[in-house]
Structure formats: C-alpha cells, structure tokens
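Colleague: I am new to this structure and would like a close look at a single part, the sheet, followed by whatever helps me to place that part in the whole. Please take it slowly and in one connected account.

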2 protein chains.
Amino acid sequence: MCSKMLRVNMEELTVTTEEVPEEYEKLGGRGLTSRIVNDEVPPKAHPLGPNNKVVFAPGIVTGSGSPNSGRLSAGGKSPLTGGIKESNAGTPFTKTLARRGIKAIIVEGRAEKDKYYLLKLGDDGEDLIEADKWIGKGLYEAYDELHDEFGDDVEIAGAGIAAELKASNAGISYTDPEGRSTRYSGRGGLGAVMASRGLKFIVAENTKENRMEIKDKETFDKGKKKLANALMEHDVTKKGGALNSYGTSVLINIINESGGLPQRNFSEGSDDRSAKVSGERKAELIKERGGVRPHKCSPSCIIQCSEIWTKEDGKDPMGVLEYESVWALGPNCDIYDLDVIGELNRACNDLGLDTIETGNTIAVAMEGGLLDFGDGEGALKLMDEIYDKTALGRILANGAEFTGEAFGVDRIPTVKGQSMPAYDPRPIKGIGVTYATSPMGADHTAGYAIAPEIMGVGGEADPLDTKKADLSRGLQQATAMIDSAGYCLFIAFAIMDIDEGMEGMIETVNGVLGTDYSADDIMKMGMDILEMEREFNKKAGISKEDDRVPEFMKEEKLPPLDEDFDVPDEELDRVFEEA
Amino acid sequence: MCSKMLRVNMEELTVTTEEVPEEYEKLGGRGLTSRIVNDEVPPKAHPLGPNNKVVFAPGIVTGSGSPNSGRLSAGGKSPLTGGIKESNAGTPFTKTLARRGIKAIIVEGRAEKDKYYLLKLGDDGEDLIEADKWIGKGLYEAYDELHDEFGDDVEIAGAGIAAELKASNAGISYTDPEGRSTRYSGRGGLGAVMASRGLKFIVAENTKENRMEIKDKETFDKGKKKLANALMEHDVTKKGGALNSYGTSVLINIINESGGLPQRNFSEGSDDRSAKVSGERKAELIKERGGVRPHKCSPSCIIQCSEIWTKEDGKDPMGVLEYESVWALGPNCDIYDLDVIGELNRACNDLGLDTIETGNTIAVAMEGGLLDFGDGEGALKLMDEIYDKTALGRILANGAEFTGEAFGVDRIPTVKGQSMPAYDPRPIKGIGVTYATSPMGADHTAGYAIAPEIMGVGGEADPLDTKKADLSRGLQQATAMIDSAGYCLFIAFAIMDIDEGMEGMIETVNGVLGTDYSADDIMKMGMDILEMEREFNKKAGISKEDDRVPEFMKEEKLPPLDEDFDVPDEELDRVFEEA
C-alpha cells in the first residue's frame with residue numbers, strides 16, 4: 001500500500017502531501033480515481049472549468065513486483081463523454097509513483113491562462129517548474145529534452161499539443177521503458193483536463209527505495225507465484241503464445257475472419273486486404289527491419305505483447321503499433337499500409353492523441369467528404385493541421401463526433417461521444433452491450449466480451465446471440481476490479497481459464513492490503529465502482545437512453561454477415577437494472 | 001381549420017395529400033408539430049439521419065384574419081439541442097399555407113446526397129423541382145431569383161448556406177411582406193434538418209380563395225374584436241406604444257438599466273454604451289435614413305413592431321433589427337455600432353443563421369481568443385468564413401457550444417446546447433428558470449418571465465426572488481398554447497393585463513375549432529404539449545440534470561448587481577414535478 005496523496009493546486013501553485021483518508025486505504029487505480037472524482041468533482045462541472053480535476057493513481061499491487069502490475073489510472077470528468085472517466089495505461093511511470101509511496105496525485109485549480117508548469121517529483125521533494133518552453137512541441141522531442149534536463153532515470157507523464165488545444169481527444173502520454181512518449185491514458189480527453197489546469201508534465205525521478213508496503217508478504221508471494229504460473233501457462237499469455245509472438249495485432253486476422261473488423265467507417269466487417277496489416281505480417285516486418293518484438297511496456301510484464309516499430313530502414317523507433325491503432329488508422333480508413341499507419345500512430349503519440357478516436361475521426365472526415373477513403377497521404381496531412389493548430393486541426397482534435405457534426409455526417413460510431421474500438425457490435429453483440437452500457441462510453445476494455453465470443457476464453461458465447469447482459473455485466477465488474485488492482489487486463493485470459501491464476505490474483509491483492517477478500521467480494525467491489533461511476537454520470541445528465549449504440553447500427557446491416565445491432569433496449573438496461 | 005396535410009417524401013420525391021387524422025383536428029402550430037414529431041420521429045434518431053423530419057404548421061387561427069395570427073411553427077428533432085424543437089416565426093408564408101387549407105407539411109426521407117429540390121405549392125398542385133442552381137447562394141439573392149422565376153405573388157421558406165453545411169445553427173428563413181429573407185424559424189437548427197432532407201425551398205403561390213374554415217363565425221368575430229381592442233388599448237402593444245414606436249429594441253435601455261443586459265459574453269450586465277444601440281436611437285436613424293418604422297411582419301398585425309433597417313445611405317433595405325439580434329451581435333460582443341450590427345444581421349439573414357446563436361458564437365470565439373472583443377470588422381470576416389464554407393466557417397455555423405469546444409472555452413452561455421437570449425439569468429431569475437427548464441433549451445419566448453419581472457406586465461415579480469417555478473410554469477403553459485393558436489407572443493402583454501383580451505383570444509380559437517374551451521382548458525392543453533415535448537426529450541436522453549444553467553453562472557457574480565444564479569435545483573425541478 002502507498003501511504004500518501006499529493007494535492008497539486010495549480011491556482012496557488014502548491015503541492016501538499018496528505019495522509020490517505022481511511023476510506024481510501026483499500027482503494028487503488030480506477031476504484032480510487034473514480035472515488036476521488038466522485039467525492040471532489042461536481043458532476044455538472046465544465047470539463048475544462050475551474051472545478052474539474054485530474055487524478056492519477058497506481059493500482060493496488062503496482063510497485064509490488066507482481067507480474068503485469070504496471071498499470072496507472074487517470075481519472076476526471078471527461079470532455080469527450082461528459083461523464084466520469086478512468087483511462088488506464090501500462091507504463092513504468094506508475095511503479096515510480098508507487099515506489100515513492102504515492103497513492104494518488106490530485107491536480108486541481110487552474111494556473112494563469114496559457115501558463116504551463118511541470119511537476120517534478122524527486123527525492124528532495126516536489127516542485128512546480130515553469131514549462132512554457134515546451135508549448136507547441138511534439139512529445140517525442142519534449143521527452144528527449146526533459147531527459148536531457150532531468151536525466152535518464154526519470155519517468156514522465158505529459159500533455160501534448162492536442163491538450164494545449166483543450167481538445168476532447170487529448171490523451172495523457174507516459175514514458176515507455178525506453179523513455180519515449182508511447183504509453184497512453186488515451187481515451188476520454190483527460191490530457192485536456194490536465195492542460196486546462198496548466199499542468200504540462202509530471203517528471204518523476206526513479207528511486208531505489210521502495211515505500212510501497214506489502215501488509216502480508218507471505219500471502220502476496222504465494223499469490224504472485226500462482227498468477228505468474230497461470231500467465232506462463234495460458235496459450236494467449238505464455239511465452240511464444242499469441243500475444244507474445246504477434247502482439248495485440250494478432251486479432252486483425254481473427255476479427256476480420258469473424259466479419260467484425262470494421263472497414264471504411266463501419267461500412268463492412270471484413271476485407272481481404274486486412275491481412276496486409278495483420279500481427280503476423282507486422283512481426284515479420286519488425287524482424288526484417290531490426291525492430292524489437294516482443295517487448296515489455298512496463299518492467300513487471302510477463303506477457304510482453306509490446307514491440308518497437310520502426311521506419312522501413314529500421315530507424316526512428318516509434319513504440320508499439322497496437323491492434324486498435326492499426327485498425328483505427330488502417331482498415332477503418334481503407335488504409336492497408338503499415339508504414340502509413342505507423343506514421344499516423346507516431347503523429348498521435350507525438351501530438352498526444354488517442355489512436356482509436358483519431359482513426360475514427362479520420363474515417364468520419366472521409367465519410368464527410370474531406371478526403372477520400374484510403375488516402376493515407378491526406379490523412380497524414382490532417383495531422384499537420386493539428387500540429388499547426390488550424391481551425392481544421394481543432395475540429396479533428398475534438399474527435400469523431402465533433403468532426404462528424406462539423407462535416408454533417410450522421411454515421412458516427414460513438415457511444416456517449418466516444419468512438420468505438422475495433423470490433424463492430426453488429427456481428428459481435430456482447431461487445432456492443434459493453435460499448436452501450438459502460439459508464440466510460442464505447443470501450444472494449446470495459447468488459448471484453450470478445451474473449452468468450454470470439455476467442456473461446458473464459459467460456460464460450462455465440463457472438464450473434466443477443467442475450468449478453470449477464471456476460472457484459474460480469475466482465476465489467478471483473479474489469480473494474482482488475483483496473484483497480486493495477487493489473488494489465490490481459491491477465492484476464494489466464495485467470496478466467498485457470499483457477500489458480502484467479503486465486504493468485506486475489507491473494508496478491510489481499511497480501512498488499514492485508515485483507516481477506518473472496519472472489520465474490522472482488523466482484524462486488526467491481527460493481528460498487530461501476531455504480532459509483534454511473535451515479536456520477538446520472539448527476540452529470542447521462543441517462544439510460546445514452547446506453548445505446550448509434551442509430552445507423554440499427555438501420556444498416558453490416559456485410560458480410562448482414563447483421564444489424566438487434567440487442568433489445570431492455571437487454572441493455574438489464575445490465576445494471578438487474579445488477 | 002385547415003383540412004389537409006402534405007407529406008413530402010424526399011427519397012421518393014413524392015408529395016402526398018393526406019386527410020387530417022381525427023386526433024390532430026383540434027391541433028395547430030406548436031401543438032401539432034410537436035405531436036407529429038412525437039408520433040413519427042424516433043427520439044434517438046440522428047438529427048441529420050434518415051428518420052428525422054421537419055414539420056411546418058400554421059397556427060389554429062392563422063389565415064382567419066384574427067389580429068397578429070401570422071405565426072408558423074416548424075418542428076423536428078434539433079441538431080442543436082438533441083431534443084424536440086418548435087421554432088416559431090411571423091411571416092406571410094404561414095397564412096398562404098393556411099389559406100391553401102394546409103394544416104401541416106411533413107418533410108421526410110432524404111434525397112440523393114448533395115441534391116436539392118424546391119417544393120412548389122400552386123393552384124395546379126404540388127411539384128418538387130430541382131434546385132441545385134441555388135447551392136451556395138445567399139438567401140437575399142436566391143429569393144430575388146425565386147421571385148423572378150415564380151412571380152412576386154409567392155411566399156417562400158428557405159434553407160441557406162449554413163443549412164447546406166448541415167450546421168446546428170441553420171435556421172429556416174421565410175419571406176417578409178416585401179418578399180425578402182428576413183423572417184425566421186431561427187432557433188435549433190431546423191434548417192439543417194430541412195437541407196439534410198434535400199429540400200432547399202418551399203415556394204407557395206398566394207391564393208385568393210381561402211380554404212381555412214371557421215366553424216363558428218359568430219364566436220370568432222366576437223373574440224377577434226375583443227382581442228383587437230385589447231391590443232389597441234394596452235400600452236405595450238397599442239399604436240404609438242412601446243413596441244410600435246421603437247420595436248423590440250425598446251428593451252435595450254430597459255434591460256441595460258436593470259443590470260441584466262449581457263455584455264462581452266455574459267461578463268457584465270450593463271454598459272453605458274448600450275444606449276448607442278437602443279431602440280430609441282435606432283428609430284431616429286431609420287427616420288433620418290428613410291427606412292420604414294413601424295412595419296408589419298405579417299399581414300394581420302396590429303402591433304407593428306417590425307421595421308426596415310437600411311445602410312447609412314438609406315439603401316439596401318435589410319429587414320428588422322430585433323432587440324435580441326442587436327444585443328447578440330452588439331453588446332454581447334462589445335460592439336456598439338448599429339451599422340456593424342446591421343451588417344452582421346444581414347449576413348445572418350442571408351446565410352440562414354439564427355442571430356441569437358450567431359452573436360453568442362462570436363462572443364464565445366472572442367472569449368476563446370479568435371478575435372478581440374469589440375472587433376466588428378473581425379466579426380464580419382467570420383461571416384465570410386461561413387460563406388466560403390471553410391473549416392472555421394463550419395465551426396462557427398454550429399453555434400456557441402460547438403465553437404466553445406473548438407476553442408477550449410468553458411464559459412458558454414447555453415442550456416441544452418442552445419444559446420441564451422438577451423437577459424442574463426443571474427439578476428433576472430425567472431427568465432433563468434425558463435431557460436433552464438424549457439424543453440426547447442435556453443429560450444426567452446418559451447416563458448417570458450421578463451414581463452412581470454421587469455415590465456410589470458401580467459403582475460409583478462421581484463427579479464431577484466428565486467421562487468420562480470410557478471411563474472415560469474404558468475408562462476410556459478400559456479406560451480405553448482399561444483404558439484399553437486398561431487398568435488404572436490406579443491399578444492400576451494394585452495391578454496395578461498386585459499381580461500377581455502384573454503376572452504377574445506380564447507373565443508377566436510373556439511370559433512375556428514367549434515369548441516368550447518375555457519381558460520383552464522387552454523392552460524391544460526399547454527401543459528399537455530410541454531409534457532409531450534419533455535417525454536420526447538427524456539427518450540432522447542435529456543434528463544432533469546440538463547434543466548440547469550451552465551456552471552459559470554453559479555460561480556461568477558454578474559456586475560453591477562453582483563448576482564449569481566442561485567435558484568436551487570429543487571426549484572428548477574419543481575417547474576414540472578409539481579405541474
């Protein structure tokens with residue numbers, strides 16, 4: 001457990017260390033960020049206004065050395081959805097916070113207009129330092145300069161050019177193990193919330209001393225071992241397994257085959273050209289070019305699904321090209337060239353944009369006639385508009401729904417204002433139930449029904465069956481708790497299928513907290529988090545009528561399976577009404 | 001009563017004449033448009049999508065020759081608010097529909113992408129005619145050309161360049177008695193709904209024969225006389241009275257004096273320079289220049305609050321410069337020059353934009369740093385961006401909230417996405433209760449609490465008293481019914497203060513319909529309309545948490561009275577909870 005909270009008041013330019021209130025002691029990650037946002041942010045606050053806050057919290061087990069525990073939650077009221085947001089990232093930055101004993105950083109108030117600061121966390125205390133010189137600079141360059149200034153042994157969180165625009169698709173970037181801007185709390189625009197406070201970066205010195213306390217070391221160690229074993233055993237997560245070999249992009253061929261890989265702004269569910277951007281093809285190219293594959297996104301990772309993608313000549317290492325990013329910037333825009341996709345992804349990392357939202361934005365702009373489907377060069381030029389902060393750049397940086405409104409498009413694949421990820425909900429209905437009902441807006445990670453629906457992990461479910469409320473609810477509960485524990489969601493494959501893995505995960509949590517939670521307790525805590533988030537949303541004006549997929553997905557059947565989204569509203573409402 | 005409905009299917013390019021269903025027989029204006037939208041448009045329809053419709057309906061007494069009965073309701077799902085919309089205009093176009101026996105025109109389906117048509121209503125039937133040649137043309141010029149083509153004896157409804165952009169602030173323009181594009185269903189973006197159907201204009205030939213039937217002529221005539229007498233007697237509405245002498249702009253000095261005339265994006269409530277744009281000053285200038293004042297917006301008007309504003313040399317007659325427009329494009333942008341305001345208003349009329357939303361948009365853009373407050377020349381250049389359909393023009397044409405999001409502004413004076421009119425709700429709280437709770441979004445006409453709060457009409461109410469739920473509810477009910485009857489809202493001054501006027505109004509309705517409604521019945525019918533509209537909104541995802549003014553109005557006190565908006569949420573909720 002971590003023992004302190006930092007409160008950063010950007011209006012006063014002060015950093016205060018606070019004791020962790022008793023009621024927060026057993027919380028971490030998403031459970032903690034959502035709790036603090038609930039307790040401190042008025043639901044009707046303007047996301048960029050004086051009363052919103054951005055909260056960072058490592059998970060419960062983060063910093064403990066438990067496998068795949070390098071996750072960080074960022075929370076606040078989302079400018080994209082208008083509701084509560086937790087956006088989760090894997091990054092070494094999080095273990096640095098945890099090892100410093102920091103359970104949460106709460107950033108509140110707003111600095112003088114257009115002034116930016118960086119928060120330095122070091123052995124000699126916390127400082128707010130002027131950071132105006134990085135305004136307008138891409139994050140790759142900025143992180144290099146920050147390393148020059150503060151040394152290599154620091155981890156960084158940053159708000160980029162998109163965040164300077166206060167744009168709703170501005171994420172928060174974090175360092176990867178090589179120190180680059182490639183890890184993201186991408187979704188929901190929390191970068192704009194950070195930048196609207198006047199906070200540009202957090203630079204955290206790594207520390208040898210570990211202040212992260214484990215209450216019951218024996219239970220913890222037992223659990224850690226069980227969990228590690230499960231991860232090393234399961235086909236999806238083991239060394240040489242699907243994720244390790246091909247990364248998340250292993251899904252390109254699988255989902256394309258299923259008829260659920262959206263092409264050209266969710267107009268078709270499959271295209272033979274998708275193979276050109278598959279994980280298998282990408283792994284070959286990385287090998288040929290001398291990139292890195294597999295690779296860890298944070299130190300404790302066993303799965304190692306990450307990679308370092310480079311340009312054709314093996315130069316300009318960019319970071320990972322995730323499945324979601326490849327799809328969003330690729331097939332969804334009728335682009336089937338990994339190098340074009342890679343450069344679009346690099347621009348997103350550099351500008352501080354979520355790739356899923358950006359890919360959907362480009363596709364919607366294509367649908368609106370701004371450029372042709374398949375025009376990769378044109379798409380790259382759009383990124384320049386954001387660098388240049390033009391009016392068009394401002395439109396694009398605000399995401400797909402905003403861009404759709406600007407260009408009069410009525411086929412916009414969003415829920416609660418947030419773009420859908422790489423699974424069309426029409427032929428894979430359970431993930432659609434998650435998109436529709438998650439308090440986060442359309443989010444595959446919120447309740448990954450793809451596992452049972454497509455991969456046969458955690459049971460099997462017919463993707464075309466519309467009865468998915470119970471499945472989605474269970475997954476959303478488990479996810480809320482995994483996001484709170486600080487584990488990578490990918491442990492779910494192993495703990496759903498291997499009982500010892502589940503036991504181990506719970507034991508690590510109990511070990512850190514000194515608790516005796518059962519699996520039922522964990523699931524109940526997951527539901528408590530969801531209900532708290534939904535309560536915030538309700539007070540923010542989000543009603544059950546917002547728990548719906550967009551109209552066009554009910555009107556248009558998706559080829560080749562010719563399915564529309566026919567899950568009845570009552571089934572969607574059942575997710576939480578029968579919780 | 002009118003005897004037929006026209007159904008215009010833009011996908012099939014057909015016009016069908018339908019009998020009026022029995023349940024619609026006693027309805028008209030807003031009561032009818034809201035009913036048809038409720039019955040036919042799915043609340044979750046995308047406003048620009050295939051299932052939205054735009055409905056036109058003259059009021060119950062429109063075409064009867066009753067005084068001030070020249071009002072038209074346009075209805076649909078609003079792209080601006082996401083809820084139901086009725087947008088009311090005074091125009092000769094409406095009596096032409098009524099005299100043709102047309103109770104409603106329902107425009108549904110969508111034509112082929114980027115194809116436009118005009119609907120011609122003539123003695124020889126209804127035609128849909130290609131109208132692509134008017135794409136990109138301003139409405140003043142387009143209306144001139146339409147008159148050249150179809151003769152002077154036609155009335156026109158039109159969607160302008162803003163509507164071609166499918167922008168959320170695109171209104172529907174109608175002819176004034178001189179045939180110019182100056183009368184508007186401005187609010188809520190129904191022009192975009194019309195244009196997204198592929199309908200550019202409706203051209204209706206005037207007709208000598210009047211098919212508008214009056215069931216009980218005796219009762220009607222009695223009522224008409226009483227109403228006319230009341231209008232000619234009341235200080236606000238009589239010849240030489242406030243509205244007749246100075247137009248709606250008579251309010252500039254009055255509201256400025258009250259501390260409630262928003263200046264510089266709702267930053268102050270008064271400025272001595274407001275006198276430069278007052279109704280009194282404007283009337284002098286019109287006289288000097290040889291413009292027209294007073295003037296009727298539609299033939300049956302007794303009040304004659306309208307005018308024809310011209311350029312300094314007396315040329316280029318533009319139409320009326322209303323109080324709301326003068327304020328929005330003037331003091332709210334720190335502009336105190338009637339000629340600049342006039343040219344901004346001309347651009348709005350020509351582009352097909354609501355002036356209130358446009359003025360708020362410019363002010364928000366000023367707040368966001370796009371141009372300086374007071375920069376009239378800069379504001380006029382922004383209009384060119386819309387003419388040129390640039391990215392910036394697309395931002396601006398989508399209204400204040402959209403523009404605020406694009407430029408990272410958190411002080412945006414909207415409710416349900418629609419900009420506030422010319423009364424700051426902080427020092428005049430009853431109008432704030434109407435802004436917050438009207439199903440239409442921020443709308444002064446929805447329940448004009450200014451009458452008792454500032455003008456001492458219809459009783460007296462302390463503007464600073466926060467107990468305004470009952471007042472606002474009563475006004476909203478009465479307004480819903482006046483908007484259904486087809487009367488100009490300004491008859492309210494006379495019928496609230498003069499009992500015979502109220503009797504007369506009800507008798508004209510009873511006379512036309514052959515009914516025996518009491519005042520209580522009328523009020524109940526008003527509430528039925530409101531509840532129907534709220535039910536639509538609820539199903540569209542608008543909850544009571546959306547019945548709120550923006551956060552900054554609770555946070556910032558407005559000088560000079562230093563009032564914030566302190567009406568408790570419970571009082572806002574009481575408007576409809578205790579209905």
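Modeller: In this predicted model, chain A has an open sheet of six strands, which follow one another in the order β2-β1-β6-β3-β4-β5, and the pairing within the sheet is mixed. At the edges stand β2 and β5 (84-90) of chain A, each of which pairs on one side only. From one strand to the next, the twist averages 20 degrees.

A good place to enter the sheet is strand β1 of chain A, since both of its pairings can be followed through one residue, A:Leu6. Towards one neighbour, β1(A), residues 4-9, runs parallel to β6(A), residues 102-108, and six bridges hold the pair; here A:Leu6 has A:Ile105 as its bridge partner. Towards the other neighbour, β1(A) is joined by six bridges to β2(A), residues 14-19, but in the antiparallel sense, and in that strand A:Leu6 stands opposite A:Thr17. The strands β1(A) and β2(A) form a hairpin with four residues between them, and in this hairpin A:Leu13 takes a positive phi near 55 degrees.

Further along the order, strand β3(A), residues 54-58, is joined to strand β4(A), residues 71-77, by four bridges, and these two strands run antiparallel. Within that pair, A:Val55 is found opposite A:Gly75 of β4(A). A helix also packs on the sheet: α5(A), residues 190-197, touches β3, β4, β5 and β6 of chain A, and its direction makes about 115 degrees with that of β3(A).

If you turn to chain B, you will find an open sheet of six strands there too, in the order β2-β1-β6-β3-β4-β5 and with mixed pairing. Its edge strands are β2 (14-19) and β5 (84-90) of chain B, each pairing on one side only, and the twist again averages 20 degrees between one strand and the next. Strand β1(B), residues 4-9, and strand β6(B), residues 102-108, run parallel and are joined by six bridges, with B:Met5 standing opposite B:Ala104 of β6(B). Helix α5(B), residues 190-197, lies across β3 (54-58), β4 (71-77), β5 and β6 of chain B, at about 115 degrees to β3(B).

How the two chains are placed relative to each other comes next. A turn of 180 degrees, with a shift of 0.0 Å along the axis, lays chain B on chain A with an RMSD of 0.0 Å. The two copies are thus related as by a two-fold rotation axis. Within chain B, the C-alpha nearest that axis belongs to B:Ala391, at 2.9 Å from it.

As for the contact between the chains, chain B gives 32 residues to it and chain A gives 32 residues. On the side of chain B that touches chain A, at least two residues each are supplied by α14 (391-397), α15 (400-406), α21 (519-540) and α22 (552-555) of chain B, and α14(B) provides the largest share, four residues. Sorted by class, this side of chain B has 12 nonpolar, nine polar and 11 charged residues. Of the interface residues of chain B, 100% are also interface residues in chain A, so the copies meet through the same surface.

Helix α21 of chain B also contains B:Asp520, which counts as exposed because it has 8 C-beta neighbours inside 10 Å. To relate this residue to the sheet, compare it with B:Ser87: the two are 433 residues apart in sequence and, from C-alpha to C-alpha, 25 Å apart in space.

Two covered regions complete the picture. The largest nonpolar core has 368 residues, and among them A:Ile491 and B:Ile491 touch the most other members. Leaving aside residues up to four places away in sequence, A:Ile491 touches A:Asn68, A:Leu227, A:Leu231, A:Ile482 and A:Met505. Helix α16(A), residues 429-437, is mostly covered, with nine of its nine residues buried; among them are A:Ile431, A:Val433 and A:Tyr435. The cover over the buried residues of α16(A) includes β15 (414-415), α17 (450-455), α18 (469-485) and α23 (569-577) of chain A.

Note on methods: Residues are numbered from 1 along each chain as its sequence is written. Chains are lettered from A and ligands numbered from 1 in the order in which they are written. This is a predicted model: local features need pLDDT of at least 70, side-chain atom pairs count only at pLDDT 80 or more; totals for chains, interfaces and linings use all residues. A residue is buried if 20 or more other C-beta atoms lie within 10 Å of its own, exposed if 12 or fewer, and partly exposed in between; C-beta atoms are placed from the backbone. Two residues are in contact if their C-beta atoms, placed from the backbone, lie within 7 Å. Ala, Val, Leu, Ile, Met, Phe, Trp, Tyr, Cys and Pro count as nonpolar, Asp, Glu, Lys and Arg as charged, and the others, Gly among them, as polar. A nonpolar core is a set of buried Ala, Val, Leu, Ile, Met, Phe, Trp, Tyr and Cys residues joined through C-beta atoms within 7 Å. Two strands pair if DSSP finds at least two bridges between them. Copies are superposed by least squares on the C-alpha atoms of residues with pLDDT of at least 70 in both. Axes are lines fitted to C-alpha atoms, for helices over the stretch in contact, and angles run from 0 to 180 degrees between N-to-C directions.
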